[in-house]
Amino acid sequence: MTQNALQPADITDELLARYETVIGLEVHCQLLTESKLFAQDRNLFGADPNTNIGPLTLALPGTLPKINKKAVEYAVRLGLACGCSISKRTIFDRKNYFYPDLPKGYQISQDKKPICENGGVTISTKNAEGKMTEKVIRFHHIHLEEDAGKSVHDGSVTETLLDYNRAGTPLVEMVSEPDLRSAEETGAFVTEIRRLVRYLHISDGNMEEGSLRCDVNVSLRKKGAEKLGTKVEIKNMNSIRNMMRAISFEEKRQVAMLENEQAIQQETRMFDVESGQTYGMRVKETMNDYRYFPDPDLSPVVVSDEWLESIKADMPALPHELREKFTHQYGIPAYDAAVLTDTREIAAYFEAVCAKTNAYKAASNWLMGPVKSYLNDHEGNIDRFPISPESLAALIDLSEADVVSNSVATQKIFPVLLAEPQRDPKEIASSNNWIQNSNTNELETLVNEVIDAMPDKVAAYRKGKKGLLGLFVGEVMKKSNNTADPKLVSQLLNAKL
């Protein structure tokens, strides 16, 4: 095959390694306010089409916008979490563009003076040696704007339906610097943003509902080059997995073009989930002229020192702060801390358990094991988990003190607690005769019975088949109805054998 015939599918890892991928993101995040950014219409996903609209959303003559203070507060909260500088005085601009689903015909956004500037988030990814490394992805700015409505084609090639429910929904747009270098880094970046907005309770971050979506700018340059390549924008990515697939394809497509000595066009592309390929939507020969100008109907927004301090005082502990706390204060591994801080609710539940027990690592194991398994089977919401932190801590202490075996705790008492969460774990164990038997005389009798009943296995063990110890322990446990202390049983068997 000649060089000029190279296709994306032909691009090898060796060819890819000659180039550096440069990625920047524009992340749009809908805010969880009760009303829209400039109107009192409800901000609610899933309502019947064109039911959350009013005169202002429809841009009827004589209507004037009024800023939603809570939306500004949420944007400031995000900026503080990302280490941004907060603009004390900010204005809104009109962005002129053909919006078929915005009745005004323009979007109210921010151009010259966004609400937040600079800052960034820290991501963790594996390096070439498989070790986790941290990297800061910088923001250029974060600005507030209103969302557009939704055009619905419904399979028709001649008609478009317009649903204005989403029009005017408050958005923050996070514009990153071109600091990302791979699909993996980009996935980690968006995952961390989604985690952050959920921690702050400013957005549900549901990408499948469009609450969080991304425009991805991808360019390639030869390794060692300083000049950036021509960027291509991939629009409206609402899945982290598909976003990573789109980047991986786009890398190969651009490498194939560069190896074929073809010029990369600055264009907007879409991603086809079925084929796993991007395709062209429109060419950007020049920068769009949106003819921004300050919105004459909106006064500047002033963030006073008092307001800023009150927002800071109301900030929750952030994921990276909790990860550090969990590893240092509770002494659990970094991996455990990362899992337990995935959501604010899981982290809070873990801390509530640790307030009632000193067995911190055991508590971590329980949340990542039996509790997580239950949540995975029940929509993953810890807020509806039936067992209180106090009851789980009591069960953990029973197991750690060898009052009950770990298998009894996880396989017998835990299911009873799930069904009857008001009961006391120790009472459950006592009423079912699950308290672990540590009576040496009684266990010695059972050990002797097992040894006497298996002379051939005893002989094999004494000739070197030490793996048979587990068989003996299992037989003693059966005879005790699983109430024997397995550690003590092992000690007695070792002494007898």
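Strand 13, spanning residues 232–237, is mostly tucked away in this predicted model: five of its six residues are buried. On one side, strand 13 pairs with strand 12 (residues 212–222) in the antiparallel sense, with four bridges between the two. Here C214 sits opposite M237 of strand 13. Strand 13 also pairs with strand 14 (residues 267–272), this time in parallel and over two bridges, and I234 faces R269 of strand 14. To get from strand 13 to strand 14, the chain goes through helix 4 (residues 240–259), and the resulting β-α-β crossover is left-handed. As a general point on strands like these, side chains in a regular strand alternate between the two faces of the sheet.

C214 turns up again when the cysteines are checked. A disulfide is a covalent bond between the sulfur atoms of two cysteines, and the count for this model comes to zero. Why does C29 not form a bond with C214? The sulfur of C214 is the closest cysteine sulfur to that of C29, but the two are 9.8 Å apart, which is too far for a bond; the cut-off is 2.5 Å. As for burial, C29 counts as buried because its relative accessibility is 0%. C354 also counts as buried, with a relative accessibility of 6%.

Elsewhere, three strands make up an open sheet, in the order 5-4-16, with antiparallel pairing. The edges are taken by strand 5 (106–109) and strand 16 (293–294); each has a single partner strand, so one side of each is left without a neighbour in the sheet. Strand 4 (residues 93–96) runs antiparallel to strand 16, and two bridges join them. In one of these pairings, D93 has P294 of strand 16 as its bridge partner.

Then there is the second largest pocket, with a volume of about 870 Å³. Its lining is made up of 29 residues, and those nearest the centre are S124, E134, E192, R323 and A338. Which elements give two or more residues to this lining? They are strand 7 (120–126), strand 8 (132–146), helix 3 (183–199), helix 6 (319–329) and helix 7 (334–340). In terms of chemistry, the lining of the second largest pocket divides into 15 nonpolar, eight polar and six charged residues.

How values were computed. Residues numbered from 1 in each chain as written. Predicted model: local features only at pLDDT ≥ 70, side-chain atom pairs only at ≥ 80, totals over all residues. Heavy atoms only, no water. Buried < 20%, exposed > 50% of the residue type's maximum accessible area, 1.4 Å probe, protein only. 1 Å grid on protein atoms, 1.4 Å probe; cavity = no way out; pocket = protein on both sides within 12 Å on 5 of 7 lines; lining within 4 Å. Points joined across faces, edges and corners; volume = space filled by probe spheres on them. Nonpolar A, V, L, I, M, F, W, Y, C, P; charged D, E, K, R; others polar. Pairing = 2+ DSSP bridges. Right-handed = clockwise from strand over helix to strand, strands pointing away.
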